[in-house]
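Dear colleague,

Please find below the structure that I am handing over to you, together with its sequence. My findings follow directly after it.

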Amino acid sequence: MKYAIVTGASKGLGEAIAKRLINEKIAVVSVSRTENDRLKKWALEKGVDYKHLSCNLSLEKEVQEVFMEIAHLIFQNDPNELLIFNNAGVIEPIHTVGNLDQTPIMRNIQINLIAPIYITNLFLGKAQQTDTKVQVINITSGAAVRPIEGWSIYCSSKAGLNMFTQTAAQEQKELNTHHKIIAFSPGIMDTDMQAQIRSSSEDAFKELEKFKEFKEKNMLRKTDVVADALVNLVLCGDVESGKIYNVNDLLN
Ligand SMILES: NC(=O)c1ccc[n+]([C@@H]2O[C@H](COP(=O)([O-])OP(=O)(O)OC[C@H]3O[C@@H](n4cnc5c(N)ncnc54)[C@H](OP(=O)(O)O)[C@@H]3O)[C@@H](O)[C@H]2O)c1
């Protein structure tokens with residue numbers, strides 16, 4: 001049996017990934033603060049195993065407790081493959097350094113970087129005593145490799161995620177395991193995160209007008225197009241562990 005964990009499946013890209021996985025008859029465990037009734041209904045219609053666990057990924061204790069429970073739930077079914085989509089992410093705080101709110105700094109790093117590290121470490125560890133093949137897909141951003149004024153925390157957390165992906169993949173290769181870890185840059189998509197970006201101010205975010213234009217000129221991709229490209233890649237069985245994939249290379 002194949003299982004997938006999708007963080008941030010309540011909306012946006014995570015919802016589209018989870019929906020496509022359900023269409024592929026893969027059992028899905030969804031993790032976010034709010035439950036997605038559309039996915040629950042969809043899975044029921046398709047007769048696919050689906051479970052939602054509520055978790056605030058910025059809270060260390062909650063992450064530990066919820067993911068231990070998920071590990072127990074999944075490994076008791078002895079799956080042959082487990083796909084982990086570390087997709088949940090936040091953009092805030094948006095401002096120049098020196099003007100950042102302090103609390104969202106910590107929250108951003110917890111959700112975008114520490115939670116994916118914790119989850120990957122937990123499941124690669126647990127998989128050692130099983131025959132389960134683990135594939136980790138860390139959702140990154142072009143902001144990981146381009147400094148964007150006003151987004152220092154987001155850029156830094158995604159850059160950290162890229163380096164974590166590459167390092168962990170190298171270790172797994174060295175250990176001769178069959179586990180794979182990749183990062184995937186989804187490009188600009190029409191989600192709440194983009195709406196949040198557009199609602200920031202020009203003094204906090206220099207490129208505001210450009211991002212407003214992306215929406216006005218219909219340049220934001222639909223999440224199902226991006227999710228299809230990603231899931232096709234992951235299911236083709238030929239991903240290159242350690243690689244930072246970009247949706248633009250998959251869709252052209
Ligand atoms: N949209 C873009 O243009 C774009 C571009 C490049 C990269 N990305 C990346 O793509 C991924 C998905 O982004 P999106 O645009 O789909 O974002 P989105 O629509 O804002 O959705 C974010 C998801 O993350 C979850 N989340 C946020 N805070 C959380 C918390 N504290 N605990 C648990 N879950 C939390 C949300 O669930 P709850 O609120 O229910 O908890 C939601 O499901 C992110 O990693 C983002 O950085 C997006």
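The notes below take the ligand and its surroundings, then a strand pairing, and then two points of backbone geometry.

Please bear in mind throughout that this is a predicted model.

The ligand

The ligand occupies the largest pocket. Helix H1 (12–23), helix H5 (152–174) and helix H6 (192–198) are the elements that each give two or more residues to the shell around the ligand. The largest share, 3 residues, is that of H6. In total, 30 residues surround the ligand, and those that come nearest are Ser10, Thr34, Asn87, Tyr154 and Thr191.

Two of these threonines also appear among the polar contacts. Thr34 places a polar side-chain atom 2.3 Å from an oxygen atom of the ligand. For Thr191, a polar side-chain atom is found 2.5 Å from a ligand oxygen atom. At Cys55 the contact involves the backbone: one of its polar backbone atoms is 3.5 Å from a nitrogen atom of the ligand. On its own the ligand has 880 Å² of accessible area, of which the protein covers 95%.

The β-α-β unit

Strand E2 (residues 27–32) pairs with strand E3 (residues 50–54) in the parallel sense, and the pairing runs over 5 bridges. One of the bridge partners can be named: Ser32 is matched with Ser54 in E3. Together with helix H2 (residues 37–46), E2 and E3 form a β-α-β unit, and this unit is right-handed.

Backbone geometry

Two places in the loops may merit your attention when you inspect the model. As a general background, most residues other than glycine have a negative phi, and most peptide bonds are trans.

The peptide bond between Glu92 and Pro93 is cis, with omega at about 10 degrees. Pro93 lies in the loop that connects strand E4 (81–86) and helix H4 (103–127).

The second place is Asp78, a residue other than glycine whose phi is positive, near 50 degrees. Asp78 belongs to the loop between helix H3 (60–75) and E4.

With kind regards

Conventions:
Residues numbered from 1 in each chain as written. Predicted model: local features only at pLDDT ≥ 70, side-chain atom pairs only at ≥ 80, totals over all residues. Heavy atoms only, no water. Pairing = 2+ DSSP bridges. Helix = DSSP H or I, 4+ residues; strand = E, 2+ residues; numbered from the N terminus. Right-handed = clockwise from strand over helix to strand, strands pointing away. Near = heavy atom within 4 Å. Polar contact = N/O pair within 3.5 Å; in protein donor to acceptor, adjacent residues only side chain to side chain. Areas by Shrake-Rupley, 256 points an atom, 1.4 Å probe, with all protein chains shown as cover. 1 Å grid on protein atoms, 1.4 Å probe; cavity = no way out; pocket = protein on both sides within 12 Å on 5 of 7 lines; lining within 4 Å. Sits in = over half its atoms within 2 Å of the grid points.
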